[in-house]
Amino acid sequence: MTPGPDCKPRLPRGVRLKHDAVRGEWLLLAPERVIKANPVAVAVIEKCDGVRSLSEIVDDLAQAYQAPRETIERDVTKLVSDLATKRMVDL
């Protein structure tokens, strides 16, 4: 499932991003599932609000990290696609 640039990814009902202060790590929590999220994934997931398009998320991150847009787009698309396959993000 490859998301298009106009899709507006969001966390589905029952899925949330939470910081575990004890372990010092971010977790993406869903019923009966937990995924550890690295800082890059957290930056992407925090922007998956159902309002911003994938293209806008990529633009925001490319500007914030001063990185080539093509690289950011490839990485964000892959992450969102993987999370959508696991039903952790709705497109």
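How many residues does α3 have, and how far does α3 reach from its first C-alpha to its last? Helix α3 has 17 residues and reaches 24 Å, close to the 24 Å expected at 1.5 Å a residue, where the expected span is 1.5 Å times one less than the number of residues. Helices (H or I, at least four residues) and strands (E, at least two) are DSSP runs, numbered from the N terminus. The model is predicted, so local features need pLDDT of at least 70 and side-chain atom pairs count only at pLDDT 80 or more, while totals for chains, interfaces and linings use all residues. Residues are numbered from 1 along each chain as its sequence is written, and side-chain values use heavy atoms, with hydrogens and water left out.

The buried residues of α3 (under 20% relative accessible area, 1.4 Å probe, protein chains only; exposed means over 50%) are I72, V76, T77, V80, S81, L83 and A84. Seen down the helix axis, they fall within an arc of 165 degrees, taken from the directions from the axis to the C-beta atoms, so they line one face of α3. On the other side, E70, R74, K78 and T85 are exposed. The cover over the buried residues includes β2, β3, α1 and α2.

Turning to the core, the largest nonpolar core (buried Ala, Val, Leu, Ile, Met, Phe, Trp, Tyr and Cys residues joined through side-chain atoms within 4.5 Å) has 22 residues, and L61, V76 and V80 have the most contacts inside it. At least two residues of this core come from each of β2, α1, α2 and α3.

Methods. Contact means heavy atoms within 4.5 Å.
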